[in-house]
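Colleague: I would like to go through this model with you, starting with the backbone and then turning to the interface. Please show it first.

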Amino acid sequence: MRRLVFTSIGALAALALARPAAAQDTTRVEGGVRVGISYNLGERPGLIVVPGSGIDSVRAIVRRDLDYSDRFSMIAVGDPGHGTGSAAPAGPLNYGLYKALGAEFALELIDDGGKVTARLHDVGRSVMANQQSVTLPPATDANFRLAVHVLSDEVARWATGMPGIAATRLLFVQNGRIWMVDSDGMTPRALTPDGLTSLSPAWSPDGRRMAFTKLVQGKGGVFLYTLGSGEVTQLAGTETGLNITPMFAPDGAHLAYARSDEKGTDIFVASLGERGSQRLTAGRFADNLSPTYSPDGRRIAFVSTRAGPPQLYVMAADGTDQELFAPFDFGVTGPSYAPEWSPDGTSVVFHREVSGTPQIFVLTVAGQKLRQITSQGRNEDATWAPDGRHLCFVSDRTGARQLWIIDAETGRNRQLVSPGWARLPAWSRRLAGAAVVAPKP
Amino acid sequence: MRASSILSVLAAAALLAACGKKPAPEQPAPEPTPARQEAPPPPPPPANDDAERRARDAAEKAKALRDELADLIHFDFDKADIRTSDQGILDRKAAILAANSAVRLRVAGHCDERGSDEYNLALGNRRGAAAKRYLTGKGVDDGRIEVVSYGKERPLDPGHSEDAWAKNRRDEFEVTAGADKLAAPK
C-alpha cells in the first residue's frame with residue numbers, strides 16, 4: 001500500500017547538508033525524539049505543486065494543505081486546479097525553470113492508475129528527494145479527503161522534517177451542537193443533536209472519541225461520544241449536579257473534569273470504565289476548573305479563583321503541589337481562562353483580558369515567560385494543532401464570533417470556514433489513515 | 001382574616017388560574033351544587049360577581065406571593081456575594097417559604113457575557129449557591145432548594161453595555177413544587 005522508494009533517512013540527511021543549520025534545533029516529532037534535520041523557523045522555502053493531468057482534486061487539496069502548513073512559500077504556476085493539456089511537463093522536470101521561479105521544492109502528483117504517486121524534488125540539487133505511491137479511496141468515499149491530507153502531511157515531513165497538520169479535525173460548538181470539521185474547513189458535520197446545549201468538546205488522544213458536557217436545565221453531565229458509531233455514554237459520577245470542562249489524560253484512560261456543588265467547583269479525575277472519581281482540588285467556595293494535562297501526564301494546569309479573579313495554576317496530576325502558573329499582578333492583570341498545554345509540553349496557551357478584552361497568550365513552562373499572540377478584536381479559547389505552532393481560537397474580529405487559525409511562528413492567520421457563530425474549538429492530534437468517520441447527521 | 005378562609009379562596013383562585021390559559025368558556029358554577037340547595041339563585045350574575053371578585057382578589061394575592069418568590073437578585077461583576085440591598089428580597093422569600101412548607105425552589109445563577117463560557121457556569125453556580133446559603137441560614141430546609149447554573153447561556157438582555165451586563169448578573173427563582181397553594185406569611 002505505502003512504500004518509500006528512497007529511504008527517507010538518506011534524503012533527510014541530504015537535505016540537512018544542503019541547508020544551513022538553524023541556531024537552535026527545535027525540530028521534534030511526537031514522543032520527544034529529535035530527528036536529524038534542522039528546520040529554520042521563520043524561513044519558508046518556495047514550493048511548487050507541478051501542474052499535471054488528472055487528479056485535480058488531489059492536487060488542489062495537497063496544495064492548500066501545504067499552504068496552510070505555513071512552512072512553504074507556495075509558488076503558483078499556471079492554474080494548479082486545471083491540469084489538462086499542455087501544462088503537464090513531458091519528460092524530466094525542468095529544474096532550471098522552477099529554480100528561476102524561486103522554488104526550493106517541486107512536488108509532482110501523478111495519477112498512477114488507481115494510485116497516486118507523490119514525488120518531491122529538491123530543486124536546488126536537481127534531484128528527486130522522496131517518492132511515495134498511495135492508493136486513495138474513491139473521491140466519493142468519506143475517507144478520501146483524510147487520506148489526501150495524510151499524504152500532504154508526509155510531503156511536509158519530507159521537506160521540513162516535521163509532518164504537517166492537514167490530517168486533523170476540529171470540534172467546536174455552534175448553536176448548542178458539537179460540530180466536527182476538517183483542518184481545511186471542509187466537510188463540517190454535526191455530532192450532537194439539535195435543541196440541546198452541548199459544550200466543551202475534548203478529543204481523546206487517539207482521536208476516536210470525544211468528551212463533552214450536556215447542559216440540561218442548569219445541570220450538566222459529562223458524556224463520551226464514540227466517533228464512527230455515534231454511541232454516547234455518560235461518565236459515571238456525573239449523573240447529578242453540574243459537571244463541566246472534561247479533558248482526557250494523555251493515557252486516554254483517565255478524564256479530568258470540574259464538578260460544581262454548593263461549596264464551589266472542584267477538579268476531579270475519573271478512571272474510565274470504573275465508578276468513582278478522585279478529587280484533586282478543595283475549593284472552599286472558590287472555583288477550580290478547565291484542567292489540561294501536560295503531554296507526559298504528570299501535571300495539570302487549571303483555572304482557579306482561590307486568590308480572587310480567575311487565574312492559571314498548576315498541580316501534579318495527583319493534586320499535590322498546587323501553585324500559581326501564569327504570573328499576574330493582583331488588581332492589575334485581567335482574569336485568565338481556558339488553558340491548553342501544548343503538544344510538545346513546552347508551553348500553555350490561554351486567554352487573558354487586556355483592558356477588558358480577551359487576548360490569546362502563550363506561557364512558556366520553563367521560565368514562565370508570557371507572549372501575547374493576538375490583539376485584533378476579542379480572542380478566546382485557543383487550542384493547539386499537533387505541530388505546536390498553529391492555534392485555533394474564537395475571534396470576533398469580523399463581527400460574529402468565528403473560528404480563526406493563527407500560525408504563532410509567522411503570525412499568518414485564516415478563518416476556518418464555518419457558518420454563523422462558533423465557539424470552544426478543540427483540535428485533534430494527527431488522525432491515522434484508518435480514518436475516523438462520523439455518521440451523517 | 002382567617003388563614004383558613006384565605007386558603008380556600010386561594011384554592012379556588014388557583015383552580016380558576018389553572019383553567020385560565022385559554023378563555024375556557026366561562027364555566028359558571030355547574031348545576032350540581034349540593035352545598036347551597038336551599039338558596040337557588042337562578043340569576044347567577046350577582047353571586048358570581050361576588051365570588052369572582054373574591055377569587056380575583058385571592059388570585060392576585062397568590063400571584064403577588066409567587067412574584068415575590070420569583071423576584072430576581074443581582075450581583076456585582078465576577079462576584080457571588082449577596083448585596084445588602086437584595087437581602088430584603090431574600091428575607092421575604094424565606095418568610096414565604098416558612099409559611100408554605102410544600103414550596104420548593106430552584107435557584108438558577110446567571111452571568112454577564114464577560115469571562116469564558118465555562119468559567120461563567122462555575123460563577124453562576126456560586127451565585128445560586130450563595131442565595132441558597134442565605135435562605136437556609138434563615139431556617140429554610142436544605143432539601144427544598146436546588147441550585148443550578150446557566151452561566152452566560154441565557155442573558156436577559158442581549159446587549160453589550162454595562163446596563164445589559166448588570167441585568168444579566170442575576171439569580172432566578174423558580175417554584176418547582178407547592179405553587180398551587182400559597183399562604184401569606186404571618
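**Backbone and interface**

Modeller: In this predicted model, A:Asp70 lies in the loop between helix H2 (56-68) and strand S3 (73-75) of chain A.

Colleague: Is A:Asp70 buried or exposed?

Modeller: The cut-off for buried is under 20% relative accessible area. A:Asp70 has 6% relative accessibility, so this residue counts as buried.

Colleague: What is the phi of A:Asp70?

Modeller: Most residues other than glycine have a negative phi. A:Asp70 is not a glycine, yet its phi is positive, at about 60°.

Colleague: Which element of chain A holds A:Asp381, and what is the phi of A:Asp381?

Modeller: A:Asp381 is found in strand S26 (residues 379-384) of chain A. Its relative accessible area is 5%, and therefore A:Asp381 is buried. Although A:Asp381 is not a glycine, its phi is positive, at about 55°.

Colleague: Where is B:Asn100, and is B:Asn100 buried or exposed?

Modeller: B:Asn100 sits in the loop between helix H3 (87-99) and strand S2 (104-110) of chain B. Leaving out residues up to four places away in sequence, B:Asn100 touches B:Arg144, B:Lys181, B:Leu182 and B:Ala183. Its relative accessibility is 7%, so B:Asn100 counts as buried.

Colleague: How many residues does each chain bring to the contact, and what area do chain A and chain B bury between them?

Modeller: The contact takes 29 residues from chain A and 24 residues from chain B. Of the area buried, 53% is on carbon and sulfur atoms, and the area itself is about 2200 Å².

Colleague: Which three residues supply 23% of the area that chain A buries against chain B?

Modeller: No other three residues supply more of that area on chain A. They are A:Gln217, A:Glu262 and A:Tyr337.

Colleague: How many salt bridges does the rule find across the interface of chain A and chain B?

Modeller: A salt bridge needs a nitrogen-to-oxygen distance within 4 Å. The side chains of A:Arg401 and B:Asp117 meet in one, at 3.8 Å, N to O. Across the interface of chain A and chain B, the rule finds six salt bridges.

Colleague: How many residue pairs are in polar contact across the interface, and what is the side of chain A that touches chain B by class?

Modeller: With both residues at pLDDT 80 or more, eleven residue pairs are in polar contact across the interface. Elements that give two or more residues to this side of chain A include strand S10 (197-203), strand S16 (264-271) and strand S30 (423-427). By class, this side of chain A has ten nonpolar, eleven polar and eight charged residues.

Key:
Residues numbered from 1 in each chain as written. Chains lettered and ligands numbered in written order. Predicted model: local features only at pLDDT ≥ 70, side-chain atom pairs only at ≥ 80, totals over all residues. Heavy atoms only, no water. Contact = heavy atoms within 4.5 Å. Buried area = accessible area lost by both parts, 1.4 Å probe. Polar contact = N/O pair within 3.5 Å; in protein donor to acceptor, adjacent residues only side chain to side chain. Helix = DSSP H or I, 4+ residues; strand = E, 2+ residues; numbered from the N terminus. Nonpolar A, V, L, I, M, F, W, Y, C, P; charged D, E, K, R; others polar. Buried < 20%, exposed > 50% of the residue type's maximum accessible area, 1.4 Å probe, protein only.
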